[in-house]
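Student: I would like a close look at one part of this model, namely how its aromatic rings are arranged, with some of the surroundings added afterwards.

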Amino acid sequence: MKTNAKILVTGAKGFIGKNLITELTNRGYRDLYECDTDTTEQELKGYLSDCDFVFHLAGVNRPKEETEFTQGNRNFTETVLNLLKEADNACPILLSSSAQAALDNPYGISKREAEGLVRTYGAKTGAPVYIYRLPGVFGKWCRPNYNSVVATFCHQIARGLPITVNDPERELELVYIDDVVRAFIDTLEGHPVIDGDFCRVAKTHKILLKDLAETIETFRDSREKVLVPDLSTETKKDLYSTYLSYLPEDDFAYSLQMKCDERGSFTEFLKSRTCGQVSVNVAKPGITKGNHWHHSKNEKFLVVRGEACIRFRKIGTSEVLSYNVSGEELTVVDIPTGYVHSITNVGEEDLVTVMWANEVFDTDKPDTFYEAVLPEEERS
């Protein structure tokens, strides 16, 4: 479907609706009709008579009264379909349903009835219909303490508040909001993934409730430990992106521990159990740091401000190699094993160097042996 298509989104101010509209706009769709609880029936009637595609996302899942399930899910769907028929508009319609439609609770029954109405409507009118039975959807902008355990855990843990894990061994099936939106827009553009009677999102996640809680807690703890979070799986990557969106707005920033002395400072920025660590080294004018070598540890130096001379001498030899680098032209210098090395601030301002090491520093196995590169230099 072309980007000049007229698209109606019901439930536009909800979690999925807000994400969908944002991405439709990103992709160049401009004629978007947004329907929510403040939309009048007359406005809805106008939208449905004019639109080329309907994303029917509106629904009720946490009502005050059970009767609201039927009103908000089944009956409102019937209203939408009747208005389409009155307008003689057989445009495609995508229904966002729930995996709970397979259950016999009031919510599940109301969603299943809505599915049936849409399916019957498609059969009678010839309108293309696409029904998604979504598992638990998570991601940015989902309301905590409502119907998403991920949103609730992220919100609580980010604020140091307690969480409740009633059934730790319960396995959750989840789907990330970006994957839902991608699937919905693929359907709009004629490329749905159809599995039997339903459409599906290509990628879902399965995780135990206890593992979900523990994973989000590690995200919180990673700041204090300056650890790169474990992002080894797609599930953890998506959960971490979600967690960050729940940080309190006065807590985006956090301080690092700077080790300062008369020569400058050394600050660990990020550590990884598999990829080493990144640090920031500041040296005052005329100061030399280093004068040591390693058996196995290797490093990369990147001067981002100031001027430096990085010197090397292979153990057991007298020849000294020099590399002059500066923040004016970013240059990475590898620090090979078996070479004594040092870095000297040869400029007039503080020298700032980003340093990567292939392993996190271990005080029990430092693999660091002090020796001057130049005979006249003292250990530094």
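Student: How many aromatic pairs does a search of the whole structure find?

Tutor: This is a predicted model, and a search of the whole structure finds 11 aromatic pairs in it. One of them is formed by Tyr33 and Tyr47, whose rings are stacked, with 4.8 Å from centre to centre and 10° between the planes. That pair links distant parts of the chain, since Tyr33 belongs to strand 2 (residues 32-35) and Tyr47 to helix 2 (residues 41-50), with the two residues 14 apart. Another pair is made by Phe69 and Tyr107, and here the arrangement is tilted, the centres being 5.6 Å apart and the planes standing at 55° to each other. This pair, too, links distant parts of the chain: Phe69 sits in helix 3 (residues 67-86) and Tyr107 in helix 4 (residues 106-125), 38 residues apart. Phe69 and Tyr107 are both buried. Beyond these pairs, one aromatic cluster is formed by Phe53, Phe55, Tyr132 and Phe184.

Aromatic side chains also appear at the surface, where Tyr254, Leu256 and Phe269 make a nonpolar patch of about 250 Å². Within that patch, Leu256 lies in the loop between helix 8 (234-244) and strand 11 (258-261), and because its relative accessible area is 30%, Leu256 counts as partly exposed.

A further aromatic residue, Tyr370, leads to strand 14 (residues 288-293), for Tyr370 in strand 21 is the bridge partner of His292. Strand 14 and strand 21 (residues 369-370) run antiparallel and are joined by two bridges. Strand 14 also pairs with strand 19 (residues 339-345), again in the antiparallel sense, over four bridges, and there His292 stands opposite His341. Six of the six residues of strand 14 are buried, so this strand is largely enclosed by the rest of the structure.

Finally, a word on the cysteines: a disulfide is a covalent bond between the sulfur atoms of two cysteines, and a search of the whole structure finds zero disulfides. Two cysteines can be placed by their accessibility: Cys260 counts as exposed because its relative accessibility is 55%, whereas Cys275, at 48%, counts as partly exposed. The cut-off that separates these two classes is 50% relative accessible area, with exposed residues lying over it.

Terms used
Residues are numbered from 1 along each chain as its sequence is written. This is a predicted model: local features need pLDDT of at least 70, side-chain atom pairs count only at pLDDT 80 or more; totals for chains, interfaces and linings use all residues. Side-chain values use heavy atoms; hydrogens and water are left out. A disulfide is a pair of cysteine sulfur atoms within 2.5 Å. Buried means under 20% relative accessible area, exposed over 50%, partly exposed in between (1.4 Å probe, protein chains only). Patches are made of residues with over 30% relative accessible area and no salt bridge: like charges are joined within 9 Å, nonpolar side chains (Val, Leu, Ile, Met, Phe, Trp, Tyr) within 5 Å. Accessible areas come from the Shrake-Rupley method with a 1.4 Å probe; for residues, only the protein chains shown count as cover. A salt bridge is a side-chain nitrogen of Lys or Arg within 4 Å of a carboxyl oxygen of Asp or Glu. Two strands pair if DSSP finds at least two bridges between them. Rings of Phe, Tyr and Trp (its six-membered ring) pair if their centres lie within 6.5 Å; planes under 30 degrees apart count as stacked, over 60 as edge-to-face and the rest as tilted.
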